[in-house]
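Q: Could you walk me through this structure? I would like to start with one helix and then turn to the whole protein.
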Amino acid sequence: MLTGDVFVEEGLVTPDQLQSAVAQQLESGGTEPIAQVLVGMGLITERDRVRCLGKVWGIPFFDVREYRPKDHILDLVPPNVARRFKAIPLDAQGNRLLVAMANPLDVFVIDELRDVTGHEIEPLIAVEEDALNAISNLYGGGMVNDELMGVMKDFGPAAQDEEKEEAETHEDAPIIRLANLIVQQAVADKASDIHIEPRKEELVVRYRIDGVMNEVMRLPKKVIAPLTSRFKIAANMDIAEKRAPQDNRVSATIGGREFDFRVSTLPVVYGEKIVMRVLDKGGISIGLEKLGFMQGNLAILKDMAARSYGIVLVTGPTGSGKSTTLYSLLNETNDGQKNIITIEDPVEYELDGINQCSVNVKAGMTFAAGLRSMLRQDPDVIMVGEMRDTETATIAMEAALTGHLVFSTLHTNDAPSAPTRLIDMEVEPFLISSSIIGVLAQRLVRQNCPNCKIEEEAHIDDLVRHGLPVAPDTAAETDGRIKLWHGRGCDTCKGTGYKGRTGIHELLVMDDAIRDEIIKRNPSHVIRNLGVQAGMRTLQDDAVAKILSGWTTAEEVVRVMYA
């Protein structure tokens, strides 16, 4: 049976949807598996993909999320082996050991597991993310703590000799093992940033996970200098320079996946604080369908992405997912028949079929200079990482008026404030009104954990009390009674009740009435009122819809939007 046919047989897609996926596969070069294309189109889930691949290969699917093997079975596979091979021992039947694996076709892994366990291996297929989460839950945080204790035991008094540690390059050196452990654990926890903070008597390591800071380690003071030097050496920084900030970029392969780390140092009272931004080059979720858009906004955005000219702006604070939305918009336009060029600072993720440029101020490659050069390259679609100054904004808008589709970002709190901000940057109002076709404002909120989400009865006043608007017809229809959801906390979500994030959106579509107000230089509240009259769903409205649908909680929305 062909892989695509099994999805039709299982009732997951229609034959027409499969044909559309095949066409998209061919347009992108035909190298991406059809199952992955279906996931990218939002037609099936990753769990559907894995389950059906198991059916094609004749390997049973096993859902590891709710299963706990007996302790003597877990002991057969050491924690480091389970994590390295993404394999979980399930049960022993005679001399056969059932093992759930992310890649059950890897015969080399099966051979090594046979040597380690002394059992014949019968592989089952599992979702990779579920397997990694299950390994962390089953073997517990003690796995990391045990490794950390082992490293610190080896980290003797000689480690305080900074220059000795700087020269030490052997992979078994305690300081290198400690640095690797910090990075590997961050990747396993799906952290977006690693913060290494020297304090008076210790070193604190914190991860930002789903937008929230989590303390994960406290290390003795003696590791501050050598660990800082180790990360600076890895990022090709000057280890002798301790009084000025530095930044650089480094790549690494962890668990068979490629990651980029944007490393920056900042001199503080007790040393140098290091922050590493973790960029999973293969893990970005590109596709407008995956970003939490309500159907109305999704249809409008897709229509904007199909235009041949004009500007679409994405606004919001740092960390609100603007780059992912821009990449998704580019992906929507990338049909293989357009010349698409971007200028970014820096290029965060590499996209196939798109020409991406990075800002280099020292070489004279600014946003404005790069944009001018791009316009001589016959582009159809342009993406400008950020409109930082008048010159960049003006060039981008003139490009939109001369037949180019432009995507860019701007730092404003909501969509109606974007025209006002551009006028404040001394961009001519007639350029703004003539070139912009839409402004999207967004935030990221944590989603309720699907594994421990529970329903509870509530009253409309519980939302109103948080300053969240509820439509009068909604209150009337429900007689004030509503249902809300929240996560109780479990091993999957590490007790937080939340797992992953989704977007809250506000999409302002330009019409003649709004353009008239921009020409008159009227304030943002006037533009907002016109947008609402035309059907714009505000950030607060979108948030309430997602709360009532069980995506997130009122407390999380308040934390992100008002705290």
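Q: Which residues of helix α24 are buried?
A: In this predicted model, the buried residues of α24 (residues 554-561) are Ala554, Glu556, Val557 and Met561. Buried means under 20% relative accessible area, with a 1.4 Å probe and protein chains only. Helices are DSSP runs of H or I with at least four residues, numbered from the N terminus.

Q: Where do they lie around the axis of α24?
A: They cover an arc of only 160° around the axis, so they are on the same side of α24. The arc is that of the directions from the helix axis to the C-beta atoms.

Q: And what do they pack against?
A: The buried residues of α24 pack against β15 (436-448), α19 (461-464), β18 (498-509) and α23 (539-548). Contact means heavy atoms within 4.5 Å.

Q: What can be relied on here?
A: Local features need pLDDT of at least 70, side-chain atom pairs count only at pLDDT 80 or more, and totals for chains, interfaces and linings use all residues. Residues are numbered from 1 along each chain, and side-chain values use heavy atoms, leaving out hydrogens and water.

Q: Now the whole protein: how many helices and strands are there?
A: The protein has 24 helices and 18 strands, a strand being an E run of at least two residues. Its radius of gyration is 26 Å, close to the 24 Å of the globule rule for 563 residues, so the protein is as compact as a globular protein of that length. The radius is taken over C-alpha atoms, and the rule is 2.2 Å times the number of residues to the power 0.38.

Q: How much of it is buried?
A: Buried residues make up 46% of the 563 residues.

Methods. Buried < 20%, exposed > 50% of the residue type's maximum accessible area, 1.4 Å probe, protein only.
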